[in-house]
Amino acid sequence: MGLITALSAFSACEAGKQDGAFPDGTKAAGSTASSAETEAKASGYTKVCYSGYYSDNGLAVVMVEDSSGSKRSGYIDKSGNWVIPPQFYDANDFASNGLARVGAGSSREDCRYGFIDETGSWVIEPQFTSAGDFADNGLAYAQAEDHTYGYIDASGTFVIEPQFEEAYGFTDEGYALVYKSWHQGLINETGVFILDPEFDNFGNFAENGLAVAESDGKGGYINKSGHLVIEPKFDYTDNFSSNGLAAVGVDGRCGYIDETGAWAIEPAFGMAGHFTGDCPARVAVNEKWGYIDDSGNYVVEPNLDGARDFSINGFAAVQIDGKWGYIDKSGSVVIDPQFDRADLFKDGFAFVREGGKYGLINTEGSYVIEPQFDNVVSFDDNMLASVSVDKKWGCVDKSGTLAIKPQFDGQLYFDDEGLAWVRLGGKYGLIDETGAYVSDLRYDYGEFTAQKGLYRVQTGDRTGYIDKTGAWVAEPHN
């Protein structure tokens with residue numbers, strides 16, 4: 001179950017505004033909801049501050065506040081009953097091992113973390129100043145009183161002694177990122193360094209399973225097992241492309257290496273871009289730009305004033321004599337340079353600027369929306385783009401149509417449900433991709449939540465939740 005169900009259940013028991021019906025059709029008996037409401041009110045709690053996801057064991061974290069402003073967290077079941085009454089300074093979801101990480105104390109300073117079972121009994125007494133959830137290998141990081149981190153097992157015993165300035169959870173590959181002497185390293189499940197703590201930063205893994213690792217201003221690469229496969233020796237490092245090449249720089253020159261660290265294309269360029277699919281990569285020579293293939297041969301000689309990486313549709317924006325146009329992966333001009341600015345193509349459309357205004361073109365170079373926008377925020381994952389005119393914002397959709405006329409006071413960000421919060425005249429509402437209101441302009445504030453399809457709203461000092469249809473999940477309450 002998700003956050004919606006947890007909120008519904010607690011709304012019924014805390015405010016008595018529902019009959020205990022859940023969105024998935026399950027029913028909570030009215031008497032159960034009433035007993036939970038009675039219990040909450042008898043305990044002096046007047047406000048729900050937070051409600052989390054239901055864990056696999058059917059329990060969800062709920063934080064409540066009493067009339068004095070004091071907050072405490074406990075756990076409810078799917079009927080809205082307190083299973084573990086609110087008593088913790090901090091509480092987290094139950095993990096797959098049946099334990100939940102909770103903090104006991106009256107403030108952040110005196111809070112100490114331990115782990116409880118599903119009855120609320122301490123399995124690991126509260127003793128750590130900070131702690132993480134247990135990984136699949138049965139280990140969790142924990143901070144001792146001297147503020148160093150180690151790793152404990154399910155009995156609360158340190159199996160990797162506290163010694164790190166910072167520590168993170170173990171990955172599925174069996175290693176964890178730690179800081180020692182404020183340098184990053186990787187340890188295995190016995191606490192042995194598989195990558196010595198001499199790194200300043202790690203990047204994201206590319207398709208080939210390699211990630212940038214930086215040490216003392218030099219970059220190399222590690223694999224997903226945490227082993228260093230290319231020594232840090234480059235002044236500049238880029239992620240590997242799908243063709244197995246990565247742009248790197250040394251002594252002010254850039255070239256490309258293969259997955260062994262050997263030069264595939266010698267460093268002969270002032271700058272080097274990223275290969276996109278089978279498209280060439282941009283390179284700079286003597287402040288001019290060209291494009292090379294993965295053998296290092298020029299597809300476009302370096303005579304361009306400016307160049308951008310290729311987009312996945314096989315077009316790249318280039319600048320010639322101060323104007324921007326587009327070439328294809330063969331280097332042929334497909335849209336003549338005529339724009340003051342040209343963005344990447346995405347799904348057949350690109351924003352360009354001409355005469356101080358932005359418009360939208362197709363791959364033929366024809367305007368599907370004439371230049372009229374003062375500003376644009378390019379297409380997101382939903383293929384929706386925010387556009388503004390006279391400081392009012394609207395939206396262009398994936399068909400290249402002005403779907404929502406600029407009228408709102410801020411940019412539009414659509415979630416996975418295709419909904420966006422809008423603001424006008426100091427009030428918030430929720431709209432769909434056509435601009436139709438799902439919930440009209442009535443709230444003092446509105447925001448997305450971590451739960452898909454659930455939205456937090458505020459009216460005055462009262463907070464509530466609505467679903468993707470605009471219906472109340474939990475009506476506003478103090």
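Start by selecting Gly-410, Gln-411, Tyr-413, Trp-421, Val-422, Arg-423, Tyr-428, Gly-446, Glu-447 and Phe-448: together they line the largest pocket. Two elements give two or more residues each to that lining, namely β41 (420–424) and β44 (445–448). The pocket has a volume of about 170 Å³. Colour its lining by residue class and you should get 5 nonpolar, 3 polar and 2 charged residues. Keep in mind as you click around that this is a predicted model.

**Zoom out**

Now show the whole chain as a cartoon. Its secondary structure comes to 2 helices and 47 strands, so expect plenty of arrows. Along the principal axes, the C-alpha trace spans about 80 × 60 × 35 Å. Of the 478 residues in the chain, 47% are buried. Switch on a surface and you are looking at about 21500 Å² of exposed area, with carbon and sulfur atoms supplying 45% of it. As for contacts between residues at least 6 apart in sequence, 28% of them join residues at least 24 apart.

**Next stop: β14, β15 and β16**

Select residues 183–187, which make up strand β15. Is this strand enclosed or open to the outside? Here 4 of the 5 residues are buried (under 20% relative accessible area), so β15 is largely enclosed by the rest of the structure.

Add residues 176–180 to bring in β14, which runs antiparallel to β15 and is joined to it by 5 bridges. For a landmark, find Leu-177: it stands opposite Leu-186 in β15. The two strands form a hairpin with 2 residues between them. In that turn, click Ser-181 and check its backbone: phi is positive, at about 55 degrees.

Then go the other way along the chain and add residues 193–199, strand β16. β15 and β16 also run antiparallel, with 3 bridges between them. Ile-187 is the residue to look for here, standing opposite Phe-193 in β16. This hairpin has 5 residues between its strands, and Gly-191 in the turn has a positive phi of about 90 degrees.

If you turn on hydrogen bonds, a reminder: strands of a sheet pair through backbone hydrogen bonds, either parallel or antiparallel.

**A sheet of four: β25 to β28**

Move on to the open sheet whose 4 strands follow the order β25-β26-β27-β28, with antiparallel pairing. At its edges stand β25 (271–272) and β28 (298–304); each has a single partner strand, so one side of each is left without a neighbour in the sheet.

For the inner pair, select residues 281–285 (β26) and 288–292 (β27), which pair in the antiparallel sense over 5 bridges. Label Val-283 and look across to Gly-290 in β27, which stands opposite. While side chains are showing, remember that in a regular strand they alternate between the two faces of the sheet.

**Last stop: β33 to β36**

Finish with another open sheet, where 4 antiparallel strands come in the order β33-β34-β35-β36. Which strands stand at the edges? They are β33 (341–342) and β36 (367–373), and because each has a single partner strand, one side of each lacks a neighbour in the sheet.

Select β33 together with residues 349–354, strand β34: the two run antiparallel and 2 bridges join them. To spot where they face each other, label Ala-342 and Val-352 in β34, which stand opposite one another.

Definitions and conventions:
Residues numbered from 1 in each chain as written. Predicted model: local features only at pLDDT ≥ 70, side-chain atom pairs only at ≥ 80, totals over all residues. Heavy atoms only, no water. 1 Å grid on protein atoms, 1.4 Å probe; cavity = no way out; pocket = protein on both sides within 12 Å on 5 of 7 lines; lining within 4 Å. Points joined across faces, edges and corners; volume = space filled by probe spheres on them. Nonpolar A, V, L, I, M, F, W, Y, C, P; charged D, E, K, R; others polar. Pairing = 2+ DSSP bridges. Buried < 20%, exposed > 50% of the residue type's maximum accessible area, 1.4 Å probe, protein only. Contact = heavy atoms within 4.5 Å. Areas by Shrake-Rupley, 256 points an atom, 1.4 Å probe, with all protein chains shown as cover.
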